[in-house]
Every structure is written in structure tokens, then in C-alpha cells.
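Biologist: Could you take me through one spot in this model, starting from a single residue and working outwards to whatever surrounds it? I would like to see how the local picture fits into the rest of the chain.

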Amino acid sequence: MERWGKLFEANGRQVLITKDVDDDDKPKLSISIRIDGAELTLGPVFGGPNGDELLEKAFNSAGQDVADAFTEPLVGCESVMDAARILMERN
């Protein structure tokens, strides 16, 4: 059975981690949460000839620790815009 998604609970939110592709069909690891009915999805895109291999490695290693780290700064956010602002400020 091919696994394409993992669901975790972290900091009061569900976190869905999936194998995906971006708009240019490049392999992407998507990390998604919902806040007040709206979905926020972020994640790295893997280019180059070994992009699929890198995606597989990232997906296989993504676990509860990734879900915890992704949601920790979002505790208390009440909208996707709040979450996006907080995540942008962290970079």
C-alpha cells in the first residue's frame, strides 16, 4: 500500500502531511492545518532529477515532531491570516 498522507494531532490542531506536487508538477511535501474553516498549506518543493526521491525521504521522516514544530507558534491563532503573519515573521 502506498502511503501518501499522515494525520497528526498537535497543539490542539490536526496536521495533515502529504506527498503533493506544485503548480509546475515538481514534488512537494505539503503540511496543512485548518483554522476557523480555512486551510493553510506550506511545504518545501523538491527540484532536480532526484526530486521524487527527496520527497519520499522527507515524507518518511516527517512525524509527530514536524507536526509539533509547525503548530507550536500557531497556538492561539484565530484566523489563517494571523497564522500566515506569525509564520512570515519567524523567517
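Modeller: Happy to! Let's start with G63, which counts as buried because its relative accessible area is 14%, and the cut-off for buried is under 20%. Please keep in mind that this is a predicted model. The mean pLDDT of the protein chain is 93, and 99% of its residues reach 70 or more.

G63 sits in the loop between α1 and α2. Once neighbours within four places in sequence are set aside, G63 is in contact with F8 and I17. Another residue you can locate from here is W4: W4 and G63 are 59 residues apart along the chain, and 13 Å separates their C-alpha atoms.

Now follow the contact with I17 into the interior. I17 is among the residues with the most contacts inside the largest nonpolar core, together with V15, L29, I33 and L74. That core has 21 residues. Two or more residues each come from β1 (5-10), β2 (13-21), β3, α1 (51-61), α2 and α3, and β3 gives the largest share, four residues. This fits a general pattern: in soluble globular proteins, nonpolar side chains tend to be buried together.

L29 is a good residue to click on next. Apart from neighbours within four places in sequence, L29 is in contact with I17, T18, L42, G43, P44, F46, L55, A58 and F59.

The strands themselves form an open sheet of four, in the order β1-β2-β3-β4, with antiparallel pairing. β1 and β4 are the edge strands, since each pairs on one side only. Direction ignored, neighbouring strands are turned by 25° against each other on average. Between β3 and β4 there are five bridges in the antiparallel sense, and R34 stands opposite E39 in β4.

The two helices joined by the G63 loop both cross this sheet. α1 lies across β1, β2 and β3 and runs at about 40° to β3. α2 lies across β1, β2, β3 and β4, at about 55° to β1.

Within α2, the buried residues include A67, F70 and T71. They lie on the same side of α2, because the arc they cover around the axis is only 85°. Here a rule of thumb helps: an α-helix has 3.6 residues a turn, so residues three or four places apart point the same way. The cover over the buried residues of α2 includes β1, β2, β3, β4 and α3.

That brings us to α3 (residues 80-89), where V80, A83 and L87 are buried. Their arc around the axis is only 60°, so these residues too lie on one side, the same side of α3. M81, M88 and E89 are exposed, on the face turned away from the buried side of α3. Among the elements covering the buried residues of α3 are β3 (27-35), β4 (38-42) and α2 (64-71).

One last point on confidence: among the elements of the protein chain, α3 has the lowest mean pLDDT, 87, while β1 has the highest, 98.

Definitions and conventions
Residues numbered from 1 in each chain as written. Predicted model: local features only at pLDDT ≥ 70, side-chain atom pairs only at ≥ 80, totals over all residues. Heavy atoms only, no water. Buried < 20%, exposed > 50% of the residue type's maximum accessible area, 1.4 Å probe, protein only. Arc of directions from axis to C-beta. Contact = heavy atoms within 4.5 Å. Core = buried A, V, L, I, M, F, W, Y, C linked by side-chain atoms within 4.5 Å. Pairing = 2+ DSSP bridges. Axes fitted to C-alpha atoms, helices over the stretch in contact; angles between N-to-C directions. pLDDT = per-residue confidence, 0-100.
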